[in-house]
Amino acid sequence: MSQPSAILPEDRLPTFTEVEAFDAAAAWDRLTPTEQRRIGILAVKVGTVGQRLSYPHDDFVCIERRIIECREGEVLSDFFDAVEPLWQVLFGWIAPRWSKPVIREVAR
């Protein structure tokens, strides 16, 4: 189901086709260095905290395992909260804030 064009970029959700064709490398390039840093740090947190629970750890007591599970949920929520407002740039619905139109001078 495609979204009507009357929906503003900040209010719409990506369509199936947009998600299926999503180019993460191009989306990353559209982010500012500050946005890239923030998302990158959160991604590392998600990967390290979540990965810790992917393997059996006899050294964890039950309460420690639960603390890590809660922390994983928190960093995943932080990650989603940081990415969601950037959808309009990530999906290319609007030009990045840092971009400026290129005006080429015609050679005479």
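Trainee: How does W28 count in terms of relative accessibility: buried or partly exposed?

Mentor: The classes rest on relative accessible area with a 1.4 Å probe and protein chains only: buried is under 20%, exposed is over 50%, and partly exposed lies in between. W28 has 35% relative accessibility, so it counts as partly exposed. This is a predicted model, in which local features need pLDDT of at least 70 and side-chain atom pairs count only at pLDDT 80 or more, whereas totals for chains, interfaces and linings use all residues. Residues are numbered from 1 along each chain as its sequence is written, and side-chain values use heavy atoms, with hydrogens and water left out.

Trainee: With which residues is W28 in contact, leaving aside its neighbours within four places in sequence?

Mentor: A contact requires heavy atoms within 4.5 Å. Beyond those neighbours, W28 is in contact with Q36, I39 and G40. W28 belongs to helix 2, and G40 to helix 3. The C-alpha atoms of W28 and G40 are separated by 10.0 Å, with their positions twelve residues apart along the chain taken as the sequence distance. G40 has 23% relative accessibility, so it too counts as partly exposed.

Trainee: How many helices and strands are there in the protein?

Mentor: Helices (DSSP runs of H or I, at least four residues) and strands (runs of E, at least two) are numbered from the N terminus. The protein has five helices and zero strands, and its elements run α-α-α-α-α from the N terminus on. Among contacts with a separation of 6 or more, 63% are accounted for by residues 24 or more positions apart.

Trainee: What percentage of the residues of the protein count as buried?

Mentor: Of its 108 residues, 22% count as buried. The accessible surface, computed by the Shrake-Rupley method with a 1.4 Å probe, comes to about 8500 Å², and carbon and sulfur atoms hold 59% of that area.

Trainee: Which residues make up the largest nonpolar core?

Mentor: In soluble globular proteins, nonpolar side chains tend to be buried together. A nonpolar core is a set of buried Ala, Val, Leu, Ile, Met, Phe, Trp, Tyr and Cys residues joined through side-chain atoms within 4.5 Å. Here the largest one has nine residues: A27, L31, I39, L42, A82, V83, L86, V89 and L90. At least two of these residues come from each of helix 3 (33-52), helix 4 (62-83) and helix 5 (87-90). V83 illustrates the packing: apart from neighbours within four places in sequence, V83 is in contact with I39 and L90.

Trainee: How many aromatic pairs does a search of the whole structure find?

Mentor: Rings of Phe, Tyr and Trp (its six-membered ring) pair if their centres lie within 6.5 Å; planes under 30 degrees apart are stacked, over 60 edge-to-face, and the rest tilted. The search finds four such pairs. In one of them, the ring centres of F22 and F91 are 4.9 Å apart and the planes stand at 55°, so this pair is tilted. F22 lies in the loop between helix 1 (16-20) and helix 2 (24-30), and F91 in the segment after helix 5, so that the pair links parts of the chain 69 residues apart. Ring pairs join F22, W87, F91 and W93 into a cluster. F22 itself is partly exposed, at 34% relative accessibility.

Trainee: Over which ring does the charged end of R12 sit?

Mentor: A charge sits over a ring if NZ of Lys or CZ of Arg is within 6 Å of the ring centre and within 35 degrees of the ring normal. The charged end of R12 sits over the ring of W93, 3.8 Å from the centre. R12 is buried, with a relative accessible area of 16%.

Trainee: With which residue does R12 form a salt bridge?

Mentor: Side chains of opposite charge can pair when their charged atoms come close. A salt bridge places a side-chain nitrogen of Lys or Arg within 4 Å of a carboxyl oxygen of Asp or Glu. R12 pairs in this way with E18, the closest N and O atoms being 2.6 Å apart. The count comes to three salt bridges.

Trainee: Where do E69 and R66 lie?

Mentor: Both lie in helix 4, three residues apart, about one turn of the helix. Their salt bridge has its closest N and O atoms 3.4 Å apart. E69 is partly exposed at 34%, as is R66 at 45%. E74 and R71 also lie in helix 4, three residues apart, and their side chains meet in a salt bridge of 3.2 Å, N to O. E74 is partly exposed, with a relative accessible area of 43%, and R71 counts as partly exposed at 33%.
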